[in-house]
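Could you walk me through this structure, stop by stop? I have it open in a viewer and would like to know what to select next.

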Number of protein chains: 2
Amino acid sequence: MTITEVSKKYNMTQDTLRYYERIGLIPAVNRTKSGMRDYTEESCGWIELAKCMRSAGIPIEALIEYCALTQQGDRTITARKELLVEERTKLLQKMEEMKKTLDKLNYKIDIYEKAEVTGVLSWEKSDRT
Amino acid sequence: MTITEVSKKYNMTQDTLRYYERIGLIPAVNRTKSGMRDYTEESCGWIELAKCMRSAGIPIEALIEYCALTQQGDRTITARKELLVEERTKLLQKMEEMKKTLDKLNYKIDIYEKAEVTGVLSWEKSDRT
DNA sequence: TTAACACATGGAGTCCACTCCATGTCAAGA
DNA sequence: TCTTGACATGGAGTGGACTCCATGTGTTAA
């Protein structure tokens, strides 16, 4: 696949695709004799993984590390697993933060909705923010 | 409360506290006659809200807007509610993305754990990333 | 009253993750 | 063959969110 096709498939810019490859977030992509990128099935798998991880805010540095480990063969399996476990822990923490924020948002929206009907903002104690 | 006390209470740097006030993410804080910040209960409420919202990645711009609306009185109640609803929608979307990523992470960690025992990476089809 | 330390301000610097640009090569249709 | 549009590379620029710094004033304990 050409870079244009991949960028359409995953809805990512060509610049981002080249950037990810350049910094080693995905392994080097195959080239045609003339130097054009020719994405394989496996390249696409990496792109998809990168997109998924980045969409959840997993830092680029961790993904570069993971990609590097992968290219060192099966002896890095434990290291890779540990890296992923660590990122999972951080992700879970972020999700908890977001859940708290969601609750706060729901609470405030509820107060505002009531106020639209009654004309009165019924905040709890000193919570007039 | 002094800025040092507030920064300890919320575990935020004084620089961040001043920064938030400077950009209007929280309303202007009271001052002593000599110009030192003197945080009230309500100021603290704003700090807490800012910290909570930012920890979930709500953009600073939206929070500045919300703060500005709040200072324009009750006639902005609907606008404030709509702003919060919009941010809630985005937050929910992010949480879904994260859930997908979490599933992927769990799947991969599982494969790596099995590989540590069996010595074989049992990826599905072309999913060797 | 005088070190030593807290606080204030405005502006510069940093980090992350892209995104854009200049310049040059390659390819495919008129 | 010529031209136009896709692709390549290296490097510069951008936006968001802080974080640091220089300089000046305030405060307080010995």
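Here is a short tour that visits the two DNA strands, a pair of helices and a salt bridge. Keep in mind along the way that this is a predicted model.

**First stop: DNA strand C**

Select DNA strand C and show the residues around it: there are 20 of them, and the closest are Tyr20(A), Arg54(A), Thr4(B), Met36(B) and Arg37(B). Which part of the strand faces the protein? Of the strand C atoms within 4 Å of the protein, 75% belong to sugar or phosphate, and the rest to bases.

Now zoom in on the phosphates. The side chain of Arg54(A) has an N or O atom 2.6 Å from a phosphate oxygen of strand C. For the side chain of Ser34(A), the distance to a phosphate oxygen of this strand is 3.2 Å, and for Arg31(B) it is 3.3 Å.

Colour the helices next. α2 of chain A (14–22) and α1 and α2 of chain B each supply at least two residues of the surface near strand C. The most comes from α2(A), with five residues. If you colour that surface by class, you will find seven nonpolar, six polar and seven charged residues.

**Second stop: DNA strand D**

Move on to DNA strand D, which 20 residues surround; Thr4(A), Met36(A), Arg37(A), Tyr20(B) and Arg54(B) are the closest. Sugar and phosphate make up 75% of the strand D atoms within 4 Å of the protein.

Pick Arg54(B) here: an N or O atom of its side chain is 2.6 Å from a phosphate oxygen of strand D. Arg18(A) places a polar side-chain atom 3.2 Å from a phosphate oxygen. With Ile60(B), look at the backbone, where a polar atom is 3.4 Å from a phosphate oxygen of strand D. Among the helices, α2(B) gives the most to the surface near this strand, with five residues.

**Third stop: two helices of chain B**

Select residues 3–10 and 14–22 of chain B, helices α1 and α2. Their axes are 9 Å apart and meet at an angle of about 105 degrees, which makes α1(B) roughly perpendicular to α2(B). Show side chains at the contact: α1(B) brings Ile3(B), Thr4(B), Val6(B) and Ser7(B), while α2(B) brings Gln14(B), Leu17(B) and Arg18(B).

**Last stop: a salt bridge**

Finally, select Glu21(B) and Arg37(B), whose side chains form a salt bridge at 2.6 Å, N to O. Glu21(B) sits in helix α2, and Arg37(B) in the loop between α2 and α3, 16 residues apart. Over all chains, the count comes to 16 salt bridges.

Terms used
Residues numbered from 1 in each chain as written. Chains lettered and ligands numbered in written order. Predicted model: local features only at pLDDT ≥ 70, side-chain atom pairs only at ≥ 80, totals over all residues. Heavy atoms only, no water. Axes fitted to C-alpha atoms, helices over the stretch in contact; angles between N-to-C directions. Helix = DSSP H or I, 4+ residues; strand = E, 2+ residues; numbered from the N terminus. Parallel < 35°, antiparallel > 145°, perpendicular 65-115°, else oblique. Contact = heavy atoms within 4.5 Å. Near = heavy atom within 4 Å. Polar contact = N/O pair within 3.5 Å; in protein donor to acceptor, adjacent residues only side chain to side chain. Nonpolar A, V, L, I, M, F, W, Y, C, P; charged D, E, K, R; others polar. Salt bridge = Lys/Arg side-chain N within 4 Å of Asp/Glu carboxyl O.
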